[in-house]
Structure formats: structure tokens, C-alpha cells
There are 2 protein chains.
Amino acid sequence: MLENQRSGKFVVGMDLGGTKILAAVVDQEGHILAEAKSATKAEKGPEYVIKRMAQTARKAAQQAGIDWSAVGGVGVGAPGPIDPGEGMVYSPPNLPGWDEIALGPRLSDTLDVPICLENDVNLGTLGEYALGAGQGTRDMVGIFVGTGVGGGLILDGQLRGGFRHAAGELGHMIVLADGPVCGCGNRGCLESVASRTAIERDIQLGIAAGRKSIIPKLVREKGRLTSGVLARALRKGDPLTVEVMGRAQWYLGLLTASIVNLIDPEMIVFGGGVVEALGKQFVAPIRVTARQYYIQQAGAERVRIVAAKLGDHAGVLGAAVLARRLCSHSPIGRDG
Amino acid sequence: MLENQRSGKFVVGMDLGGTKILAAVVDQEGHILAEAKSATKAEKGPEYVIKRMAQTARKAAQQAGIDWSAVGGVGVGAPGPIDPGEGMVYSPPNLPGWDEIALGPRLSDTLDVPICLENDVNLGTLGEYALGAGQGTRDMVGIFVGTGVGGGLILDGQLRGGFRHAAGELGHMIVLADGPVCGCGNRGCLESVASRTAIERDIQLGIAAGRKSIIPKLVREKGRLTSGVLARALRKGDPLTVEVMGRAQWYLGLLTASIVNLIDPEMIVFGGGVVEALGKQFVAPIRVTARQYYIQQAGAERVRIVAAKLGDHAGVLGAAVLARRLCSHSPIGRDG
């Protein structure tokens, strides 16, 4: 079926994660009509996962009560590195066995619609930009704090891919030269001092050294140290959590200032598990530190540093925005 | 005289510094036909300096043997912060007494040609991009190492000004949280560990602590610790200089990696006094460190990290490129 024979009324936004596949049917105003979710079962290999992605997309359409032919395109967020032009996924750490998989073309064959592929964090950023906290801006940086720290850039209204399509790896900007070892093998990356992994490490080191904390009790109740556990300990004023989180926020403030000093964006949006659990409370101290470290103080308060608005939906909504822009040529939201 | 009545065959590129004013007449191929130079005498105030700038521009035209009416526009690089749209210069540290001076409009009245104003370091970057090391790229970052460290970004062929026209302040990106105090009042900025000021500080600390070095002897011969003195000490294998310079280069490598991780440009160009004195020898170790710290190793060697080519002329040539683009609508070089 040719692209222009499709109605283009709806698009499907998808997120391919290491543990789950999400799909959402999104209308021209950027509203989610229905969603579907599956376990990725990455261990069964790319063939299986691609079939499962197609099923999940069709299931979302079914739940929205629309015929598949009403879907004008599918946007897919996948863990990098990827090549969006060729629709290729290289070897993401959380998809073992994937090595140069032509996800875009294969999914397009199966679903019989145009597929647009993009890095998942870039799509989270695009979602917040077009439909979330960044609405009305032209320049926005998304910083997503989870077990790692990822990001994306919108510059002058365009998603910045970069020369090797590797832009936005802000978790590996160096803020503390020769600091703690990072998952990437280097030292002093932001991720090594301000990710949930780093926060957890420092809390456990404190507890091991005999410091008192309510964290062990909360972890026993919840089963593990989640962002929710951190949020609860912080609200209860647990001194160890307050100190460790404060330090992570300070580093995030330094990172924010470095980014502002380099590219001078209009807005920085913080998202991800830790931010969702704590909201504005998490962002406020980051903003204070960042503004101390801007070099050009003129108009410093005009650069907004805010919490994300779309939560878990940023990725699929960003994928839908991409699908609209690239597949059906009728953008969602402000561009519509 | 109306803009389109001018021939637009030549433009003048100017650089307004704290101690000197440079002007160069540049033809359509980007060649410098003639130059003129004056002392700024900033202490005499903006009125005087603007008159002197106009005289220097006319003198350059005279030396090129062209009539002033053959000049289609003048590009001016000035120390930031500036507002290029309004042609305003705010209060640069090295131009005391300047506070919201309408340099563009006033110079335009005096010289009777369109004036384009831009941050001086941005123009150095634009010069290298259009006519120097960056020729043939679409994305380039300029890093200029002198008493401070400044920079500029060309993204997708466009100079990145930023939301507050404050982009490119990469000397104040934080690479060593809580590190040495920087001239900006914060701690751990790149400039506090890798500028010539920082190099000089560390060499003097070493000498004060009793370490042997040929630097004091060379300084006695030259009068002061110049970039040339550093280059000579390094070539002679002076251990203190080798160590201190090596550390600065390591920090510059970390900064380069941070920038590549964030925006993934095609090329990083190092310029400024220290780099000019040492050339490729200075950039090689920076490249080695930077490539260790890229997070996406795929195609890492495709990102080029090189020395600038235009030396002292980068600024006036960048100003000429700007004047061509904005004032006379017939670009120099690749765009011509």
C-alpha cells in the first residue's frame, strides 16, 4: 500500500525496551487513544522480538477500535546505537544478540506501514518538547535520570542527531575528572556520580560503614531500592539519603551549567524514574546550583530548568511525533 | 547610500580587542588584500574607540588601493556579551566603561555601510569553519586556548548563538567539580585547569616549591611567560613544563570528549596563542585522551580533532565571512 493512500489520521508510537515493548495509538492532537504492552523476551532473539513488536502495535490499534489501515505510520524508539536513516539497530547492551538488525525495514514489511526509527532517549526528549514541558520552546535539552543518565537535544526546533548519530550522551560528560569508575569504563562521568546506580552505591557504602538510615527497612518492605524508596526516605528526612541525593543533585546542577554554558538552550527538562518519584522537589536544588555556574549571568533566570510532564509516556509520544513528522507529513501539536 | 548600490566586491573584517583594533579587506574568494591595525586605547571611552575603528577600516581600504564605496559591508568581532541583532555591546571585562554601547548602528552611521556584529570567539570559529581547518565540514567546534579558554559552535552549517546569545562558553564547563577557583568565581571550570593562566600558575607553584626548570631563565630573556616560552621549554624537555602542560592537555581531552558526547560534531579545532606556538604537537595528546572518553566508540576516529589553520587571522576572516553572508548576500568560499 502506498503511503499517501493511508488516511494518516492515526500513528502508533512504540518503545522497545530491554524488558518491555510499549505501543500507543496517537491521534492528530497528540492524545493517546489506547495502549498495549508486551514483555520483550530479548533472549529469544531479534526475529521473535520483531514479531512481538508487530503484534503489540496491532493490539494497540484493536484496543483503540481502529482498523490497521487507518494507521499512517509507526515511530519506534530503540536503545542506541542506531542508524535512523537505514532503520538499523546495532548492538544495544540491553538487547543481547542484536547486532546490525534492520529493525525498520523488517517491521515495515510486517506491518505494511512506513516506520521511523530513533534513539529512545531522543524520542523521550522529542515527546516532552512537542507535547510536554517543552511546549512553546525552540531549544530544549532533556536529561533522564534512571539507572543511567541519558539525554537528547532539540536545537532550533530540530532533534540533534549529530555527525555519527551519537549526540545526547550527556551521562558521559566528565564533571569530576578522575572520579568514580563509570559503567562505560572511564572515570568521573556524570553517570558515575549522579545516576540512581551511583546514589544506591553511596547509600550502601554509608550503611556498610555503620551510618543509620531507614533505607534498609524500606527496602525490606519494597523488595529493592527503587526510586519510590528514595523518594520516601527523602520525605522522611533520612540524613544519609538527604546527603547522598543532595550530592547527586549538586553534580546534576554542575552538568546543567556546563550544558547551558556550551549551547545556551531555552529549557532543560529533567525526567526519568528518580525525577518522576520526586517531581519539582528534585529539580529545585539542581536549578539553584546550575544558576550559580552560568558564566553569562545576563538573563540567567530566563533559562528554565523544570521537571518533565509526560512521565512514562514521553517515549511513545515522542515516537508518535516522529512518525507524524517523517511518515505522514502532518505534524502533531504546534506544527499541526 | 543604499545597500544594493554598493558593489559588494569587498568586505572589511574587523576585530575589536582590549589592546588593539584589526581591520582586513577581504575579497570574494576570502583572500586578505590589506590590513590595518591601531591601538584600542579603551581608556579613552567608546566615542573615541568607535572613531578609531572607523579610521582603521578606511585605512585598510586605502592600503588595499580600493575606494571606500567598493566595500559592501563590515563585520565586527567584539568581546561578549553582545546582542548581534541590535548591534549592542554590553560590558566586556576588557573594555572598561563600555555599557550598552550601540556599536553596530554608530559605526554604520560613521562608515555609511551595513555593519554586522558578532562575538569575537564565534567569529574565530566561523573563520576556521569557512576558510581554515573546518572547510568541508557541516559541524565544527572551535576551542581557543589563551589566557582564558573560549569557543564557538557551528551546527549544521550555522553559527550557534543560543537562546541568550551566550553559547560557546566552553571554558566554563565544569571538568573537575570543586577544583581550583576560576576567574569567573566558580570552581573546577576548564579554564581553571587548562588555560595559559592555569599553566602559568602551576609552573610558578612548582618553581616556588623548589622544582628545577629552565622557565625562569627563558622568562628573563623574553620579559614574561609567553606561549612561545612554554613552547621552547616543552621542546627542550623541561620536566616541570612537560608535566604541567600534559595535565592541561589531559583536561582539554576530557572537555573535548564531553563536547563530543553531548553534541557529536564532525570536527573540533584548537586555536589560540598556546596552540599556535606548539601546533600539531599540542593537539595530539588531547586527541588520544578525548577518544578514550567517547561513549560511542563506533566511528570515533571519524571525529577529527585538529589544530587551527588561520592563526591570528581567524577573527578578521570570520568577520569578513559574516559580513558577506549578512550584509552583501554573496557568501565567501564554499557558499559562493
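**Reading a predicted two-chain model: strands, sheet and contacts**

Reader: Let me start with strand E7 of chain A: are its residues buried or exposed?

Author: They are buried: this holds for 5 of the 5 residues of strand E7 (residues 115-119) of chain A, so the strand is largely enclosed by the rest of the structure. The cut-off behind that reading is 20 or more other C-beta atoms within 10 Å of a residue's own. Do keep in mind that this is a predicted model.

Reader: Which strand is joined to E7(A), and by how many bridges?

Author: The general idea comes first. Strands of a sheet pair through backbone hydrogen bonds, in a parallel or an antiparallel way. In this case, strand E4 (residues 71-78) of chain A runs parallel to E7(A), and 5 bridges join the two. To find the place on screen, look for A:Gly77, which stands opposite A:Glu118 of E7(A).

Reader: Now to chain B. In what order do the strands of the open sheet lie?

Author: Read across the sheet rather than along the chain. The 5 strands of this open sheet in chain B follow the order E10-E9-E8-E11-E12, with mixed pairing. Strand E10 (158-159) and strand E12 (304-307) of chain B are the edges, each pairing on one side only.

Reader: And which helix packs on that sheet?

Author: Helix H3 (residues 120-131) of chain B does, touching E8, strand E9 (149-155), E10 and E11 of chain B. The direction of this helix makes about 50° with that of E9(B). Within the sheet, strand E8 (residues 140-145) and strand E11 (residues 267-271) of chain B run parallel and are joined by 5 bridges. One pair to look at is B:Gly142, whose bridge partner in E11(B) is B:Val269.

Reader: How far apart are the centres of domain 1 and domain 2 of chain A?

Author: Begin with the bounds: the assignment for chain A gives domain 1 as 3-125 + 313-335 and domain 2 as 137-309. Their centres, taken over C-alpha atoms, are separated by 28 Å. Where they touch, domain 1 of chain A contributes 9 residues and domain 2 of chain A 14 residues. On the domain 1 side, H3(A) gives the most, with 4 residues.

Reader: Last one: how many residues of chain A are in contact with chain B?

Author: Count each side separately: 40 residues of chain A are in contact with 40 residues of chain B. On the chain A side, strand E9 (149-155), helix H8 (239-263) and helix H10 (280-293) each give two or more residues. H8(A) provides the largest share, 8 residues. By class, this side of chain A has 25 nonpolar, 8 polar and 7 charged residues.

Methods. Residues numbered from 1 in each chain as written. Chains lettered and ligands numbered in written order. Predicted model: local features only at pLDDT ≥ 70, side-chain atom pairs only at ≥ 80, totals over all residues. Pairing = 2+ DSSP bridges. Contact = placed C-beta atoms within 7 Å. Axes fitted to C-alpha atoms, helices over the stretch in contact; angles between N-to-C directions. Buried ≥ 20, exposed ≤ 12 C-beta atoms within 10 Å, placed from the backbone. Domains from an automatic or database assignment. Nonpolar A, V, L, I, M, F, W, Y, C, P; charged D, E, K, R; others polar.
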